[in-house]
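Reader: Please take me closely through one residue and the way it is held, and then carry the same care outward to the rest of the chain. I would like one connected account, with the computed values attached to each statement.

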Amino acid sequence: MNPKVLICEGKGVFDVIKDYDNYTEFEWKDDCGYLKREDGIIVIGYSRTFSNIKNKIGLSEIIKKHLPVNQVF
């Protein structure tokens, strides 16, 4: 598999990737964010309380930005 986008459930998982991978872009704002790894893979993450996404609107905007509708399977 060669994913173009990875979505991490929870900020803890996102932080592990951020701490161990090299990246060229990074943004975290209002409990969600993304980074672009050097190999071009986009990693999206979000904070949650138990199973509830804290900022659903912000997360949906990040997903729309990095995963256009014509790429959704």
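Author: Arg37 has a relative accessibility of 19%, and it therefore counts as buried, since the cut-off for that class is under 20%. The model is a predicted one, and the values given here for Arg37 and for the other residues should be read with that in mind. Arg37 belongs to strand E3, and its side chain is joined to that of Asp21 by a polar contact of 3.1 Å. Asp21 is also one of the residues that Arg37 touches once residues up to four places away in sequence are set aside, the others being Asn22, Tyr23, Thr24 and Val43.

Tyr23, from that list of contacts, leads to the aromatic residues, for it forms one cluster with Phe14, Phe26 and Trp28. Three aromatic pairs are found in the structure. In one of them, Phe14 and Trp28 stand 5.2 Å apart from centre to centre with 40° between the planes, a tilted arrangement. Phe14 comes from helix H1 (residues 11-20) and Trp28 from strand E2 (residues 23-29), so this pair ties together parts that are 14 residues apart in sequence. The two partners differ in accessibility: Phe14 is buried, because its relative accessibility is 0%, whereas Trp28, with a relative accessible area of 24%, is partly exposed. The ring of Trp28 also has the charged end of Lys11 sitting over it, at 4.8 Å from the ring centre.

Strand E3, which spans residues 32-37, brings the account to the nonpolar interior, since this strand, strand E4 and helix H2 will all appear there. The largest nonpolar core consists of eight residues, namely Val5, Cys32, Tyr34, Ile42, Ile44, Tyr46, Leu59 and Ile62. At least two of them come from each of E3, strand E4 (42-46) and helix H2 (56-66), and E4 gives the most, with three residues. Apart from this core there is a second, separate one of six residues, among them Cys8, Phe14, Ile17 and Ile41. Phe14 thus appears both in this second core and in the aromatic cluster. Ile44, a member of the largest core, has a long list of contacts when residues up to four places away in sequence are not counted: Val5, Leu6, Ile7, Cys8, Phe14, Gly33, Tyr34, Leu59, Ile62, Ile63 and His66. That list includes Cys8 and Phe14, which are residues of the second core.

Helix H2 also holds Ser60, which is partly exposed because its relative accessibility is 28%. Between the C-alpha atoms of Ser60 and Cys32 the distance is 9.7 Å, although the two residues are 28 apart in sequence. In the loop between E6 and H2 lies Asn55, and a polar atom of its side chain is 2.8 Å from the backbone nitrogen of Gly58. Beyond neighbours within four places in sequence, Asn55 is in contact with Asp30, Asp31 and Cys32.

Asp30, one of those contacts, is placed in the loop between E2 and E3; it has a relative accessible area of 53% and so is exposed. Its backbone deserves a careful look as well, for phi of Asp30 is positive, near 50°, in a residue other than glycine. Most residues other than glycine have a negative phi. Phe50 shares this feature, with a positive phi of about 55° although it is not a glycine, and its place is the loop between strand E5 (48-49) and strand E6 (52-53). With a relative accessible area of 76%, Phe50 is exposed.

Stepping back to the whole chain, the secondary structure amounts to two helices and six strands, which follow one another from the N terminus as β-α-β-β-β-β-β-α. The radius of gyration is 12 Å, close to the 11 Å that the globule rule gives for 73 residues, so the chain is as compact as a globular protein of that length. Along the principal axes, the C-alpha atoms fill a box of roughly 30 × 30 × 20 Å. Of the 73 residues, 30% are buried, and among contacts with a separation of 6 or more, 40% join residues 24 or more positions apart.

Note on methods
Residues numbered from 1 in each chain as written. Predicted model: local features only at pLDDT ≥ 70, side-chain atom pairs only at ≥ 80, totals over all residues. Heavy atoms only, no water. Core = buried A, V, L, I, M, F, W, Y, C linked by side-chain atoms within 4.5 Å. Buried < 20%, exposed > 50% of the residue type's maximum accessible area, 1.4 Å probe, protein only. Helix = DSSP H or I, 4+ residues; strand = E, 2+ residues; numbered from the N terminus. Contact = heavy atoms within 4.5 Å. Phe/Tyr/Trp six-rings, centres within 6.5 Å; stacked < 30°, edge-to-face > 60°. Lys NZ or Arg CZ within 6 Å of the ring centre and 35° of its normal. Polar contact = N/O pair within 3.5 Å; in protein donor to acceptor, adjacent residues only side chain to side chain. Rg over C-alpha atoms; globule rule 2.2 N^0.38 Å.
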